[in-house]
Amino acid sequence: AIQTQYVEPVESDRMVYGAINGMLQTLDPHSSFMDPRTYAQMRERQEGRYYGLGLTIQSVDGDITAVRVFEGSPAFSTGIRRGDVIATVEGTSAKGWTTEATVNKLKGPKGTFVNIGVRRKGFERLLEMRVMRDQVSIPSLSASFMIDSTTGYVGVTDFAEHTDEDLGLALESLTKRGMKRLVFDLRGNPGGQLDQAIRIANRFITKGSMVVYTRGRVQGSAEDYRVETTGTVLDVPMIVMVNRNSASASEIVSGAMQDHDRAILVGETTFGKALVQGVYRISEGAGLALTTGRYFTPSNRLIQRPWDGPFDEYLTYSYTDQKPRVHDASQLKYTDSGRKVYSGGGIEPDRRFDGPVMGFNPNKLGRALYARNIFDSFAQRFSRKGDTRIPVSPNARELGPDFVVSDAMVAEFKEHVKMTGLKIEEPLWQQDLPFIKAMMRFEIDSDLFGIAVASENLAKVDPQLQNGLGFFNEAEQLLNLGRRNQTSRVAQR
């Protein structure tokens, strides 16, 4: 009836995909259908590598726009910058193209070339670029560095197929540089592959300890996952940073670390997404993510947050300010040493410190600046000193890695904000000035010197992280307590 009588033609795929999504949304917020493009993108994230140019694109007002360029990728080396518009591909206008169509044109066999025309602010003509396709590795670690002479830092952005391998190399390097204590940052980590979460927990928790267990009604859904190898970093006091955007595999790791008294958790209550999902490839390259069970921490805590209300309310959890949770006696559990923890949704930190936006808790002005990518667009005024690539603009100002966010630069940014039409309330501006300066520095650093440099500089002023550094004495006491408990258990056996 729809195909023959609806007011205008409708694609069959669109109707079928919509019907499948509607059916799955009667189950839970995370069972979902993936069209062929979405499924392929999910597999790329899991694998952590593909052949292409190395950039993330979005359609903005019909223009294919680069919103991220991976460091060291062909796009990066050629000189494509964040904010560039891919105007032509092989001489054909890309105006109005979908991101899927553009990706299909840009990807291809390793070693082949693609000719693109880039429109960049400040240049009258298109910038013609010939880019060779190559393997692109999607980083799963944001950075690893020494905060001071004895304190190491590792930030994990997701759990992909090579995350544990990358983490091992980072920890080995930090150990050689004198690491005696570690900040393990899982903030904003949406999760990923379960096997990677198990392997990463193996590095920090003693052999034989439970990491997580699953329960469901289908055959094979009841599984216990334990540490099977002797960890490489067992005697280092740890602070694990989490926030409201830490989910899934990052909650499995942080929950196990807390239950086994291996680390002090600092930050915010995590998202509370811990459903076992089978991902199935179905016909025509599409995919299906279907919930088959739930994850539980070693102390029998249910990680998954309830979804009693509307799904939209559940899914926008991270956008609302957190309130202290009220627990009942049935939710009380205990860690190995007898510390109280609670079930019922998400992993609550041992030490609470709100910092939902890059470790800060800005007011409505700061949040608007961040959400509208105004810091990103301002960063496009600058180029790296000594950079031989095409400049970001004819009038770009060169900066070295030791630049300072001066009062003059802040005033320039303020004028930039006004040009976007965002109203500035002076009391809010002054209140958020530390956040504003930190984000200016972070986005400029990210564009010019890489995310590792940006993360290291941000760590110096990140209020949430700086708060966490104050609990290392407590983390060391907890580590010693865990050792005594482990020795006692061995003696009893």
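Two strands are said to pair if DSSP finds at least two bridges between them, and this idea helps in reading one hairpin of the predicted model shown above. Strand S3 (residues 55–60) and strand S4 (residues 63–69) run antiparallel and are joined by six bridges, with Val60 standing opposite Asp63 in S4. Two residues lie between the strands of this hairpin, where Asp61 takes a positive phi near 55°.

Looking at the whole protein, one counts 17 helices and 23 strands. Its radius of gyration is 24 Å, close to the 23 Å that the globule rule gives for 493 residues, so the protein is as compact as a globular protein of that length. Some further values for the whole protein are set out below.

| Property | Value |
|---|---|
| Box filled by the C-alpha atoms, along the principal axes | roughly 75 × 65 × 50 Å |
| Buried share of the 493 residues | 49% |
| Exposed area | about 24,200 Å² |
| Share of the exposed area supplied by carbon and sulfur atoms | 50% |

In soluble globular proteins, nonpolar side chains tend to be buried together. The largest nonpolar core here has 40 residues, of which Val154, Leu182, Phe184, Phe204 and Val240 touch the most other members. Among the elements that each supply at least two residues of this core are strand S11 (151–156), helix H6 (163–176) and strand S12 (181–185). A second, separate core has 32 residues, including Phe375, Leu428, Ile444 and Ala454.

Returning to Val154, and leaving aside its neighbours within four places in sequence, one finds that this residue is in contact with several others, including Leu141, Leu167, Leu182 and Phe184.

Key
Residues are numbered from 1 along each chain as its sequence is written. This is a predicted model: local features need pLDDT of at least 70, side-chain atom pairs count only at pLDDT 80 or more; totals for chains, interfaces and linings use all residues. Side-chain values use heavy atoms; hydrogens and water are left out. Helices (H or I, at least four residues) and strands (E, at least two) are DSSP runs, numbered from the N terminus. A nonpolar core is a set of buried Ala, Val, Leu, Ile, Met, Phe, Trp, Tyr and Cys residues joined through side-chain atoms within 4.5 Å. Buried means under 20% relative accessible area, exposed over 50%, partly exposed in between (1.4 Å probe, protein chains only). Contact means heavy atoms within 4.5 Å. The radius of gyration is taken over C-alpha atoms; the globule rule is 2.2 Å times the number of residues to the power 0.38. Accessible areas come from the Shrake-Rupley method with a 1.4 Å probe; for residues, only the protein chains shown count as cover.
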